[in-house]
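Visitor: I am new to this structure and would like to learn how its surface and its inner spaces are read. Could you take me through them?

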Amino acid sequence: MTITYLKRGKSEEDRNRDDARTRSVVEATLQDIETRGDAAIRELSEKFDGYAPESFRLTQDQIDELIAQLSPRELEDIKFAQEQVRIFAQAQRDSMLDIEVETRPGVILGHKNIPVQSVGCYIPGGKFPMVASAHMSVATASVAGVPRIVACTPPFKGKPNPAVIAAMHLGGAHEIYVLGGIQAVGAMAIGTETINAVHMLVGPGNAFVAEAKRQLYGRVGIDLFAGPTETMVIADETVDAELCATDLLGQAEHGYNSPAVLLTNSRKLAEDTMSEVERLLTILPTAETAAASWRDYGEVILCDSYDEMLAVANDIASEHVQVMTDRDDWFLDNMTCYGALFLGPRTNVANGDKVIGTNHTLPTKKAGRYTGGLWVGKFLKTHSYQKITTDEAAAEIGTYCSRLCMLEGFVGHAEQANIRVRRYGGANIAYGTAAE
């Protein structure tokens, strides 16, 4: 077996060095927000976005005015996309059942799925107004039944973007703030004089937003640890270089540090794709960003076999994996580490990003090894409960519990069981001893 890198991206050492600088900036900024609240977020918004209105929260009149700026077709498209997201999210929600079982006579165990009570949804908007991110976080939280949904997005070219605001509102946001970056995430998690803190943060963002979420995890819940967009194309000779190059650059345009990887068992396809990437970069309007990603983070990996391609793909655990081979379902059956799969040449990552209905907030930086992406279940907490309804069950379970507690040396625990064995089972157990 031979794995050949025809093109490599930045080393892991260089990537880690960039991360260290980001961590330092985020830590200082979050401390400032905690100390100075609204004053800090106002200064940060003015500094980075040139935006400092009287209130960052939009009123209903402002929301209505912004939505009115959209054409009927634009509104129709937003509603169509949200309908697809809601349909799939509702099907997922319907699969999550509350349960209650009687494991022994008189012993009842169960769990309930309870929505997180408040969620902060971050909708990016630096280079591009990320309309679709509102569907993925806000609408999905709404399907889950979250009673307070806060949505933040930065101004786009100095003012609120009508399409993003419409998507937030139609998705079900209860509070909408025009606020971006670390200041938005920090304000939602920490709280300020005018923004009440939430219980959970969700949504993608740049490296600073992702790092802020990482540092705030524990204080609040988060959907997942996310980095720059990643894409992998797994292809063989059944497809051509133009299709592969288009799918690689379609995600590389997200940012200057978006990894794009071609994994193939065809040297011809690999070499043709690299040539096609260079050709497309001469005509792609977003080539400045895509070219930087391809130069520093693009990789082309040549393998001998499909099994080898599978092993490499599972090791990289890319966020988006576009599979275009003569055995797409084989990869579906056998891949174990990824964010989302896009199977066959008729499918593409942009569909998943914008409209098809699956969620586009997905694990990056190998997190696909231990978690999936954002879905309706992320907004639900599964809480267990237990109930003993008969004296006989209380005595039986209590007897076992007493002995097991004493086995570990927890006398106080044992007494919780013993007092019930005495009361409901009529046993005479000396204080601080195990039940017989």
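Guide: Let us begin with one residue: Phe225 is partly exposed, with a relative accessible area of 33%, where buried means under 20%, exposed over 50%, and partly exposed in between (1.4 Å probe, protein chains only). This is a predicted model, in which local features need pLDDT of at least 70, side-chain atom pairs count only at pLDDT 80 or more, and totals for chains, interfaces and linings use all residues. Residues are numbered from 1 along each chain as its sequence is written, and side-chain values use heavy atoms, with hydrogens and water left out.

Visitor: Where is the place of Phe225?

Guide: Phe225 is in the loop between strand S8 (221-222) and strand S9 (231-235), strands being DSSP runs (E) of at least two residues, numbered from the N terminus.

Visitor: How is empty space found, and how many cavities of 30 Å³ or more are there?

Guide: Rolling a probe the size of a water molecule over the atoms shows where empty space is left. A cavity is a set of points, on a 1 Å grid over the protein atoms alone, where a 1.4 Å probe fits but cannot get out, and lining residues have an atom within 4 Å of a point. The count here comes to two cavities of 30 Å³ or more, and the largest holds about 40 Å³ of space.

Visitor: Which residues line the largest cavity?

Guide: Its lining is made of Gly203, Pro204, Gly205, Asn206, Val209, Ala210, Lys213 and Ala226. The second largest cavity, with about 30 Å³ of space, has a lining that includes His320, Phe342 and Asp353.

Methods:
Helices (H or I, at least four residues) and strands (E, at least two) are DSSP runs, numbered from the N terminus. On a 1 Å grid over the protein atoms alone, a cavity is a set of points where a 1.4 Å probe fits but cannot get out, and a pocket is an open set with protein on both sides within 12 Å along at least five of seven lines; lining residues have an atom within 4 Å of a point. Grid points are joined across faces, edges and corners, and a volume is the space filled by probe spheres set on the points.
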